[in-house]
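Let's take a walk through this fold together, from its strands and helices out to its pockets. Have the model open beside you as you read.

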Amino acid sequence: MKLAIIPARGGSKRIPRKNIRLFCGKPMIAWSIEAALESGCFNRVIVSTDDDEIAEVARQHGAEVPFMRPAELSDDHTGTIPVIRHAIETINSQGGGVEKACCLYATAPFIRAEDLRQGLEILQGSGVDYAFSVTSYAFPIQRALRLTQEGRVKMFNPEHFTTRSQDLEEAYHDAGQFYWGRADAWLQGKMIFSPASLPVMLPHHRVQDIDTPEDWLRAEWLFKAMQAQG
């Protein structure tokens, strides 16, 4: 079985109810559910939540909610891997036989079916544990600045002050959309960011964290612009 798991707890604080708040005309979580269904990659698309309202919205948009997530896995400090491990273990205990599982974040409206298909192809065509979405930093991280306690500016890597941007190594970061993984890797709690993973490269304009009201507004602007371009 290839299983899509969308974690969506009810306790978001910075943007209350953000998993089901309307984003460009649909509950936010609906975009991830629809991409998973459209991809054709999955035998089942499930949502792991502790919230009855989120569960109902998820069902309305085509996902299953075969269990409710326990409270001990629904606080601010619970990581992604324990949540996905719990989902796989629960589905297996119900008679499923999960071989590969993909974690899709509920707040990733830029996710596309073709990216999910590419991730599956990469995972199946290699011996790695995970394949997940990444993008490059827009600016050289070697030129990053910090603020001192006195409010002054200091470089993280002052040795690169005179280095040309084109001579600096390009750096990448997690795009925060999806993580394909072999079931045994999730169950063993193996690290996602390791040499046993491969990237699914995404362009900058389809990557946006949505953690603050400002993030939300920027994401809607980008999304509407993309829709206008077809």
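Before we start, a word on residue classes: Ala, Val, Leu, Ile, Met, Phe, Trp, Tyr, Cys and Pro count as nonpolar, Asp, Glu, Lys and Arg as charged, and the others, Gly among them, as polar. Keep in mind, too, that this is a predicted model.

With that in hand, turn to the largest pocket, which holds about 940 Å³ of space. Its lining runs to 38 residues, and R14, K18, Y105, T107 and D211 are the ones nearest its centre. How do the residues of that lining divide by class? There are 14 nonpolar, 13 polar and 11 charged residues. As for where they come from, α3 (80-93), β6 and β9 (172-182) each supply at least two residues. The largest share belongs to β9, with six residues.

Now look at β6, one of the contributors to that lining. Seven of its seven residues are buried, so this strand is largely enclosed by the rest of the structure. In a regular strand the side chains alternate between the two faces of the sheet. In β6, Y130, F132, V134 and S136 are on one side and A131, S133 and T135 on the other, and both sets are buried, so to speak covering both faces. On the pairing side, six bridges join β6 to β9, and the two strands run antiparallel. Within that pairing, F132 stands opposite Y179 in β9. β6 also pairs with β10, this time in the parallel sense and over five bridges. There, the bridge partner of Y130 is S197 in β10.

F132 deserves a second look. Its relative accessibility is 9%, which is under the 20% cut-off, so F132 counts as buried. The structure holds nine aromatic pairs, and F132 and F193 make up one of them. Which kind of pair do F132 and F193 form? Their ring centres are 5.2 Å apart and their planes meet at 40°, so the pair is tilted. F132 sits in strand β6 (residues 130-136), whereas F193 is in the loop between α5 (183-187) and β10 (197-201), so the pair ties together parts that are 61 residues apart in sequence.

Next, go to strand β1. Five of the six residues of this strand (residues 2-7) are buried, so β1 is largely enclosed by the rest of the structure. Which strand does β1 join through four bridges? That partner is β5 (residues 100-104), and the two run parallel. β1 also pairs with β4 (residues 44-48) in the parallel sense, over five bridges. L3 is a handy landmark here: it stands opposite A101 in β5, and L3 also stands opposite R44 in β4.

From the strands, move over to helix α1. Nine of the 12 residues of α1 are buried, so the helix is largely enclosed by the rest of the structure. The buried set is M28, I29, A30, W31, S32, I33, A35, A36 and S39. An α-helix has 3.6 residues a turn, so residues three or four places apart point the same way. Just after α1 comes G40, whose phi is positive, near 70°.

W31, one of those buried residues of α1, also belongs to an aromatic cluster, together with F23, F110, W216 and F223. Two of the cluster's rings have a charged neighbour over them. K26 lies over the face of W31, at 4.3 Å from the ring centre. R21 does likewise for W216, at 4.4 Å from the ring centre.

W31 leads us on to the second largest pocket, where about 320 Å³ of space lies. The lining has 14 residues, and W31, P109, I111, R112 and F223 lie nearest the pocket's centre. Two or more residues each come from α1 (28-39), α4 (113-124) and α6 (213-228). Which of the elements gives the most to this lining? α1 does, with four residues. By class, the lining of the second largest pocket has eight nonpolar, two polar and four charged residues.

One last stop is a closed space. A search of the whole structure finds one cavity of 30 Å³ or more, and the largest cavity has a volume of about 40 Å³. R9, G10, S12, R17, K18, N19, I20 and I54 line the largest cavity. You've already met K18, among the residues that lie nearest the centre of the largest pocket. The lining of the largest cavity has two nonpolar, three polar and three charged residues.

Conventions:
Residues are numbered from 1 along each chain as its sequence is written. This is a predicted model: local features need pLDDT of at least 70, side-chain atom pairs count only at pLDDT 80 or more; totals for chains, interfaces and linings use all residues. Side-chain values use heavy atoms; hydrogens and water are left out. Rings of Phe, Tyr and Trp (its six-membered ring) pair if their centres lie within 6.5 Å; planes under 30 degrees apart count as stacked, over 60 as edge-to-face and the rest as tilted. Buried means under 20% relative accessible area, exposed over 50%, partly exposed in between (1.4 Å probe, protein chains only). A charge sits over a ring if NZ of Lys or CZ of Arg is within 6 Å of the ring centre and within 35 degrees of the ring normal. Two strands pair if DSSP finds at least two bridges between them. On a 1 Å grid over the protein atoms alone, a cavity is a set of points where a 1.4 Å probe fits but cannot get out, and a pocket is an open set with protein on both sides within 12 Å along at least five of seven lines; lining residues have an atom within 4 Å of a point. Grid points are joined across faces, edges and corners, and a volume is the space filled by probe spheres set on the points.
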